[in-house]
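Reader: I would like a close look at a single part of this model, namely the barrel and the helices that lie across its strands. Please take the pairing, the packing and the charged contacts in turn.

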Amino acid sequence: MTTFFLDGQAFDSAKDESVLETLIRSGNSINYSCKKGACKTCLVQHVGGELSPGSQRGLSARLKANHYLCTCQCQPTEGLKLKTVIEQDLFVSAQLVERIFMTESVMKVVIKLSENLDCYAGQYINLRRFDGLTRSYAIAKVFDDNVIELHITRKYNGQFSGWLFSTASIGEQLLIQGPLGQCIYKATYQQDKLILIGHGAGIGAVMGIVEQALDMSHQADIYLYHGARTVEELYLHKKCLSLMLAHKNVHYRACITATAPVDLVDKRCLQIQPFELAAKEHPINRHNRVFLCGEPEAVVKAQQQAFLDGFEYAKIHVLPFEYKDLRTVKRA
């Protein structure tokens with residue numbers, strides 16, 4: 001057993017527990033979500049004692065310099081001293097300005113930030129409400145006047161998404177941390193063929209990346225794939241088709257991922273996994289660049305397969321939508 005301290009309170013960790021796991025077991029109210037070091041919602045500050053290797057893995061240079069760490073990545077050491085993060089150090093204020101249902105389970109949420117955070121489509125933010133509950137959401141679009149658009153899926157038993165869908169009101173005051181992540185388009189990619197796959201609401205971030213590329217006069221072809229379980233869940237289908245008609249270098253494929261037979265006559269859809277279709281259509285080439293956004297299992301599987309197929313790892317950009325699982329029976 002190892003004893004560490006958070007805000008002066010002692011916690012005894014069991015063997016192989018992370019700091020976060022010990023805090024959760026002890027009933028501490030620390031914020032957390034993905035438990036994988038991706039969302040950065042479980043940050044605390046290191047103030048004393050030895051820090052285990054990997055505790056700051058994936059953090060920006062600024063966060064490291066300020067001695068922040070992810071409790072889910074930190075293994076306790078004897079006498080380790082930690083301090084709760086001060087909200088003002090990491091968050092800026094924001095306001096909920098629009099909620100639009102795009103389907104029964106996907107909502108467009110528009111938020112106005114109190115200051116410019118240099119956000120880009122394909123990054124993500126941590127969104128905190130009045131009681132401290134925090135979740136990570138991908139940026140689908142960035143507007144002038146510090147306004148950003150998110151596409152949020154209502155999750156089974158989801159506390160934050162359930163609140164946004166049923167209770168939150170226009171004008172709600174929120175806090176924002178970020179932006180985080182590097183699944184974004186850059187000017188140096190102009191000559192690369194872009195292969196972008198959005199799983200579920202990941203199509204929002206993917207479309208934002210495509211629009212950013214077009215705004216920056218991308219030269220090469222852009223191939224856009226949306227994977228959804230049903231035709232009804234292809235909520236940007238018409239917009240994607242219109243984008244393809246408006247730009248000769250944009251090509252769009254709608255993919256239905258359900259295993260049961262689906263009638264797709266006149267639907268402009270194929271019943272296939274999007275990455276499987278993309279792999280058939282695009283031979284390995286050093287000028288190919290892949291973007292994968294959306295449901296974590298599909299994104300990670302596609303990332304692994306792309307690497308095994310021979311794509312350069314540095315040219316595979318991913319944004320998995322990790323979230324806190326509150327099911328009584330965990331996902332397989």
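Author: In this predicted model, helix H4, which spans residues 159-166, lies across strands S6 (92-101), S7 (106-113), S8, S9 (134-143), S10 (147-153) and S11, and runs at about 50° to S9. Those strands belong to a barrel, in which 6 strands close in the order S6-S7-S10-S9-S8-S11 with antiparallel pairing; from one strand to the next, the twist averages 45°. Where strand S8 (residues 124-128) meets strand S11 (residues 173-180), the two run antiparallel and are joined by 4 bridges, and Tyr 124 stands opposite Leu 180 in S11.

A further helix, H5 (residues 202-215), lies across S9 and S10, running at about 30° to S9. From this helix, Glu 211 forms a salt bridge with Lys 239, with 3.3 Å between the closest N and O atoms. Because Glu 211 lies in helix H5 and Lys 239 in helix H6 (residues 237-246), the pair ties together parts that are 28 residues apart in sequence. With a relative accessible area of 16%, Glu 211 is buried, whereas Lys 239, at 38%, is partly exposed.

The loop that follows S11 and leads to strand S12 (193-199) holds Asp 192, whose side chain meets that of Arg 289 in a salt bridge of 2.9 Å, N to O. Since Arg 289 lies in strand S16 (residues 288-294), this pair ties together parts that are 97 residues apart in sequence. Arg 289 is buried, with a relative accessible area of 8%, and Asp 192 also counts as buried, at 6% relative accessibility.

Notes. Residues numbered from 1 in each chain as written. Predicted model: local features only at pLDDT ≥ 70, side-chain atom pairs only at ≥ 80, totals over all residues. Heavy atoms only, no water. Pairing = 2+ DSSP bridges. Axes fitted to C-alpha atoms, helices over the stretch in contact; angles between N-to-C directions. Contact = heavy atoms within 4.5 Å. Salt bridge = Lys/Arg side-chain N within 4 Å of Asp/Glu carboxyl O. Buried < 20%, exposed > 50% of the residue type's maximum accessible area, 1.4 Å probe, protein only.
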